[in-house]
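Visitor: I would be grateful for a close look at one part of this model, namely a place where two helices pack against each other. Please describe the packing in full.

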Amino acid sequence: MPHLVTEVPGPRTREVVRRDRSVTSPSLPRAYPFAPRRGCGSVLEDVDGNLFLDFNAGIAVNSTGHAHPRVRRAVQEQAEELLHYSASDFFLPVYGETAQALARVAPMSGPVRVFLTNSGAEAVEGALKLVRHATGRSHVISFHGAFHGRTYGALSLTSSKAKYHTGFGPLVPDVHHVPFADPAKVAAGEPDEATFDALERLFRHDVDPRQVAAVFVEPIQGEGGYIVPGEGWLRRLRDLCDAAGILLVADEVQCGMGRTGRMWAVEHTGVEPDVLISAKGLASGLPLGAFLARAELMESWPAGTHGSTYGGSPLPCAAALATLAVIEEESLLDNAVERGEEVLAGLRELQRRHPDLVVDVRGVGLMIGLQLVSGAAAEALQQACFTRGLLVLEAGEDVVRMSPPLVVTAAEVRTALGVLAEALAEVAGTDAAGPA
Ligand code: PMP
């Protein structure tokens, strides 16, 4: 595998960064100076010709790898025919075809209807409007550490970092946050009750559950730190929702579309959501989001109540259809399971080597988190990987997340683990490895 880094960041990258910093919004988070030029599979070349192994996949987006020939061809062919026509006002064939393909793989047993958007946040906004409209209830619940996007409705559900809210109020009213699952409790043999205790308190003191439209949940929390709830947690939440007539909305923007080795993360739990939100991996990098709902819910809002000029535009839809075909034909779900097990096994070995530095190794399929002793250590590891040609990204307070393309090979996994071993050894020898 080609994998060669000389100078990072190189002179062209520094030039790109200089221009960018002078003219773009400083609100953009920017993890490290990486300026990609082109990619193929799991490998990216930067503007200086350095080659990187991409364990970010554009933040869990490039599910079929960079520039998959089939996805490229589908987009090119669609571009020859039609670039845009509003699917809100007219009947765009590729929109209906994409909706049908998604409905076919939906993790719901009954009939499903689909709304297509341009992004994850927009799909969350749509789902939020839908659950309020369909139930006539205004209150919604989400979780501490949740990330659902940065537009106002989605932002109001988000709580993963205080700075996301600071200075932006007032947010959308009637949104409540309760603790997410705590798998550390489960691992320690203790009951994980915080979510359910908080919901009980909320319902007893603050909100009549009959006024709650929905609970929005990431079946595996993404930006919050790749947190996998213990067994039975989501089932319990589903049962609680059912008892109070509350809808369950699964935000699978980050954990869906094959990332965990099943098409949807909820499939590991046997729980069916009422609404499912997707984006990121959905169209291999073209901007597309979706929310899928039980047909009777979606049928409750009449023509004109919700629409979008670009949502489900022809090129992203063509890319999504090709993405679904590639996932199936190239057995990418199996690959996610097998490669994911290899990454987890390798990381656990590294944890044994660095017990004071590595706090936890966790994940499902190719959604994998390495929790370190501090945020400084996670940042140092991210940087040490970058200078060695491996792209990873921080999540939560102290987690380094890995979400490689679902086409990643066993050889690439070995290379990544080799880099991680070196990078961890480097971090272990610095101040960042010490107490926070
Ligand atoms: N939901 C989840 C679970 C996400 O991880 C994200 C993005 N990180 C979003 C929603 C928002 O998606 P977008 O950035 O496409 O608006």
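Guide: In this predicted model, helix 3 and helix 11 run roughly antiparallel to each other. That description follows because angles over 145 degrees count as roughly antiparallel, and the axes of helix 3 (residues 69–81) and helix 11 (residues 314–329) cross at roughly 150°. The two axes come within 8 Å, and the crossing in which helix 3 passes helix 11 is right-handed.

The contact itself can be followed residue by residue. Helix 3 contributes Arg70, Val71, Ala74, Val75, Gln78 and Ala79. On the side of helix 11, these residues meet Pro314, Leu315, Ala318, Ala319, Leu321, Ala322, Thr323, Ala325 and Val326. Sorted by class, the contact between helix 3 and helix 11 comprises 12 nonpolar, two polar and one charged residues.

For context, a residue in another helix may also be considered. Val427 lies in helix 14 (residues 410–428) and is classed as buried because it has 26 C-beta neighbours inside 10 Å. Leaving aside residues up to four places away in sequence, Val427 touches Leu357, Ala377, Ala380, Leu381, Ala384, Ala432 and Ala433.

The surroundings of the ligand complete the account. Of the 14 residues around the ligand, those that come nearest are Gly120, Ala121, Gly149, Val253 and Gln254. Helix 5 (residues 120–135) supplies the largest share of this shell, with three residues. By class, the shell around the ligand holds five nonpolar, six polar and three charged residues.

How values were computed: Residues numbered from 1 in each chain as written. Predicted model: local features only at pLDDT ≥ 70, side-chain atom pairs only at ≥ 80, totals over all residues. Axes fitted to C-alpha atoms, helices over the stretch in contact; angles between N-to-C directions. Helix = DSSP H or I, 4+ residues; strand = E, 2+ residues; numbered from the N terminus. Parallel < 35°, antiparallel > 145°, perpendicular 65-115°, else oblique. Left-handed = near helix turned anticlockwise from the far one by under 90°. Contact = placed C-beta atoms within 7 Å. Nonpolar A, V, L, I, M, F, W, Y, C, P; charged D, E, K, R; others polar. Buried ≥ 20, exposed ≤ 12 C-beta atoms within 10 Å, placed from the backbone. Near = placed C-beta within 6 Å.
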